[in-house]
Amino acid sequence: HSESSYRFERTIDKRRIEETSLRASQLFVKIAHAVPASQEVVAGEAKAPKGTWIKLRLSRLNAVLGTSIPRDRVIKILASLGFKIKADSRTEIRVKSLLQRTDVGREEDLIEEVGGGEDQEG
């Protein structure tokens with residue numbers, strides 16, 4: 001993994017578009033002596049996307065990874081990555097997708113995250 005791949009596998013946070021655009025505009029004026037538009041240009045309202053809940057079956061996770069990672073360890077790894085967890089049963093958990101992590105949208109993606117987290121923490 002490189003810093004570049006880390007940035008490009010995630011997308012922008014749509015909730016910060018206006019703030020980021022204003023900052024970019026300020027820098028254009030300051031550094032490049034740009035002249036700002038006489039009025040604000042609005043292309044349309046951006047609706048903030050909502051995260052969805054993804055079911056993660058612990059049996060599937062351990063079968064794919066060839067491990068026997070306990071439920072509490074899986075929850076700890078995913079929580080440390082910023083995911084919200086609902087542990088409704090002993091055999092599966094529900095994980096809320098993160099808006100800034102569009103690369104995580106299905107069970108296989110969560111399995112990959114847990115596998116990577118387990119590798120880093122041992």
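Helix α2 is followed by H33, a residue with a positive phi near 55°. This is a predicted model, in which local features need pLDDT of at least 70, side-chain atom pairs count only at pLDDT 80 or more, and totals for chains, interfaces and linings use all residues. Residues are numbered from 1 along each chain as its sequence is written, and side-chain values use heavy atoms, with hydrogens and water left out. Helices (H or I, at least four residues) and strands (E, at least two) are DSSP runs, numbered from the N terminus.

**Helix α2 and the residue after it**

- Helix α2 covers residues 17-32, and its end C-alpha atoms are 21 Å apart, which agrees with the 22 Å that its 16 residues should span at 1.5 Å a residue. The expected span is 1.5 Å times one less than the number of residues.
- H33 is found in the loop between α2 and β1 (53-57).
- The phi of H33 catches the eye: H33 is not a glycine, yet the angle is positive, at about 55°. Most residues other than glycine have a negative phi.
- Is H33 buried or exposed? With a relative accessibility of 67%, H33 counts as exposed. Here buried means under 20% relative accessible area, exposed over 50%, and partly exposed in between (1.4 Å probe, protein chains only).

**Strand β1 and its partner**

- Side chains alternate along β1: I54 and L56 are buried and point to one face, while W53, K55 and R57 point to the other face and are not buried.
- Strands β1 and β3 run antiparallel and are joined by 5 bridges; two strands pair if DSSP finds at least two bridges between them.
- W53 has K96 as its bridge partner in β3.

**The nonpolar core**

- The largest nonpolar core holds 17 residues, and L56, V74, L78 and L110 have the most contacts inside it. Such a core is a set of buried Ala, Val, Leu, Ile, Met, Phe, Trp, Tyr and Cys residues joined through side-chain atoms within 4.5 Å.
- At least two residues of this core come from each of β1, α3 (58-65), α4 (71-80), β3 (92-96) and α5 (107-121).
- Helix α4 gives the largest share of this core, with 4 residues.
- Which residues does V74 touch, leaving aside its neighbours within four places in sequence? V74 is in contact (heavy atoms within 4.5 Å) with L56, L58, L61, I69, I93 and V114.

**Salt bridges**

- The structure has 6 salt bridges, each a side-chain nitrogen of Lys or Arg within 4 Å of a carboxyl oxygen of Asp or Glu.
- R57 and E107 form one of them, at 2.6 Å from N to O. This pair links distant parts of the chain, with R57 in strand β1 and E107 in helix α5, 50 residues apart.
- The two partners sit in unlike settings: R57 is partly exposed, with a relative accessible area of 34%, whereas E107 is buried at 10%.
- E108 and R60 also meet in a salt bridge, at 3.9 Å from N to O. E108 lies in helix α5 and R60 in helix α3, so this pair ties together parts that are 48 residues apart in sequence.
- E108 is partly exposed at 35% relative accessibility, and R60 is partly exposed at 32%.
- D109 and R106 pair up at 3.7 Å from N to O. D109 counts as buried at 11% relative accessibility, while R106 counts as partly exposed at 48%.
- R60, R106, E108 and D109 are linked in a network of salt bridges.
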